[in-house]
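Reader: I am new to reading structures and would like a close look at one part of this one. Please take it step by step and explain the terms as they come up.

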Amino acid sequence: MLTKSSTELVRQRNSVLVLSVLRRHGALAHTEISDFTGLSSATISAITADLERAHIIEKSEQQAASGRGRPRVLLRQRRDCGYLIVVIISSDAVQYSLVDYAGKLIDRFSEERSHNPAGATRFVAAVQAGLSRILDRSRISQDKVLLISISSKGLVHSAEPVLLWSPIFGSDQIDFESALRPDWQAKVILDNETLLVAAALGAREEIAKGADFRSLAALSLGHSIGLGIVRRGGQTGQEISAPNFGHMLHMAGGGLCRCGTRGCIEAYAGFYAILRSAFEVPLDTIPAKFVPVAELDKIAARARQGHRTSTFAFRQAGLALGNGLSRMLSLTERMPIAITGPGTRYYDLLRQGIEEGLGQSHIVRMEGMPEIRIVPEEPILVFEGHLNRALSVIDQDIVVSGIPGGE
C-alpha cells in the first residue's frame with residue numbers, strides 16, 4: 001500500500017493552514033498570510049497559486065482609502081467552490097441553512113416538528129425532503145454540496161454520524177450516513193448541539209484572550225440539559241467534549257427522566273421537571289415530551305410573586321445543576337461557566353440553587369466561585385459552531401483529495 005511522501009504531507013498541512021488563516025481573518029494580502037502562518041513568501045506563493053488554479057480561492061483588489069497608489073491584492077475563498085447544508089434539529093423544529101464555501105448564508109427556512117413523531121423513519125424522510133427543498137429554492141445542483149452538517153441534543157457516536165439517543169426519538173438510533181447515502185454524495189457529519197455551542201464560545205475566547213485562554217464550560221438550559229467543555233489543546237487545537245451531563249445521577253431513585261432512568265439532573269432541571277415540580281405532580285409521572293416556554297414563563301411569574309411551590313421548583317432545578325457542575329469541576333479544573341439556552345430567562349430564579357450546589361465542591365471552597373456568564377444567543381452559537389467545524393472539514397477534505405498543479 002502506497003503512502004504519501006513526507007513532502008506531500010507537508011504541502012497538505014501548509015495548504016490547510018493557509019485556508020484556516022483565511023477562515024479566521026477574512027481576505028488577506030500575500031504578506032499577511034505569510035505573517036499569520038509563519039510560512040515563507042515563496043511557500044505562500046506556491047500554495048496560493050495551486051489553490052487559485054483549483055478555483056478554491058480567488059484574488060480581489062482593494063483600493064487604498066486615500067484613493068492613491070496601487071490597490072492591494074487580496075486572497076479569499078471562492079464562494080462557488082462548493083456548498084454546505086446545515087441541519088439543526090431542535091425540540092420543536094428543524095432548521096435548514098445553505099451556506100457557500102466562503103461561509104456566507106444563502107438561504108434558510110425552518111419546519112415545525114410534530115411533538116408526537118411517527119418514528120425515526122418518517123423523520124429521516126422529512127429531512128431528505130428538506131434537503132432537496134433548500135437546493136431547489138436556490139437552484140443549486142446536488143453535486144455542488146460538499147458536506148451536510150447535522151446537530152441534535154442527545155448522544156452522538158464519537159466517529160460516525162449516528163444519533164444514539166435523543167430526547168425526541170429515545171433509543172431509536174438514526175444513522176444519517178446510511179439514510180442519506182443513496183441520494184447524496186456529500187459527506188455527512190453529526191454533532192451534539194451543546195458541543196457546537198462550546199466550540200463557538202471557545203473560538204471567541206481564544207480570539208479575545210489568545211494564549212491566556214485555558215478552558216470554558218457551556219451549560220445549555222431548556223427542554224434538555226446539555227454541557228460542552230472546551231480546553232486549550234496542543235498543536236491539534238482545542239479539545240472539545242460533550243459529557244452526558246443531563247443524565248448524570250443527581251439523586252438515587254429520584255424523579256423519572258425522559259431517558260427512562262430515575263434521578264438524572266435533567267429530571268430535576270429540564271423544563272418538564274420544573275413543570276412537574278411546580279404542580280406537585282408525582283415524580284414517577286412520565287415526563288412531557290415538550291413544554292412550551294410560555295408555560296414556564298407562567299410558573300416563573302408566580303415564583304417571582306413569591307408562590308412557594310413555583311419558587312421551590314426553580315430552586316430545586318438550580319441545586320441539581322449546581323451539584324452536577326461541582327462534580328464536573330472536581331474532575332476537570334475550575335473554569336468559567338457560560339449558561340445558554342432558553343432557560344437563561346429564569347437565571348434569577350435558578351441562581352441561588354446553582355451557587356449552593358457549586359459551593360459544596362472542594363475546589364470551589366478552596367479557589368472561589370467560578371465566573372458565571374449568561375449568554376442567551378444559543379441559536380447563533382449553534383450555527384457558528386456548525387460553520388467553524390464544517391468549513392474546516394471541507395478545507396481538509398479538499399486539500400487531501402488533491403489540488404491540481406500541486407504535485
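Author: Start at the hairpin of β5 and β6, where four residues lie between the strands and one of the hairpin's residues, G103, takes a positive phi near 85°. The model is predicted, with local features needing pLDDT of at least 70 and side-chain atom pairs pLDDT 80 or more, while totals for chains, interfaces and linings use all residues. Residues are numbered from 1 along each chain as its sequence is written, and side-chain values use heavy atoms, without hydrogens and water.

Strand β6 covers residues 105-112 and pairs with β5 in the antiparallel sense, over seven bridges. (Strands are DSSP runs of E with at least two residues, helices are runs of H or I with at least four, and both are numbered from the N terminus; two strands pair if DSSP finds at least two bridges between them.) One position to look up is A93, whose bridge partner in β6 is E112.

β5 also pairs with β4, residues 83-89, again by seven bridges and antiparallel. Here V86 has S97 of β5 as its bridge partner. β4 and β5 form a hairpin too, with three residues between them.

Now the surroundings of β5, which spans residues 93-100: seven of its eight residues are buried (under 20% relative accessible area, with over 50% being exposed and partly exposed in between, for a 1.4 Å probe and protein chains only), so β5 is largely enclosed by the rest of the structure.

For buried residues elsewhere in the chain, turn to the aromatic cluster formed by F271, F314 and Y346. F271 and Y346 are both buried. Their ring centres are 6.0 Å apart and their planes stand at 70°, so this pair is edge-to-face. (Rings of Phe, Tyr and Trp, the last by its six-membered ring, pair if their centres lie within 6.5 Å; planes under 30 degrees apart are stacked, over 60 edge-to-face, and the rest tilted.) F271 belongs to helix α8, whereas Y346 sits in the loop between β15 (337-340) and α11 (347-358), 75 residues apart.

Y346 also pairs with F314: the centres are 5.5 Å apart and the planes at 45°, so this pair is tilted. It too links distant parts of the chain, with F314 in helix α10, 32 residues from Y346. F314, like Y346, is buried.
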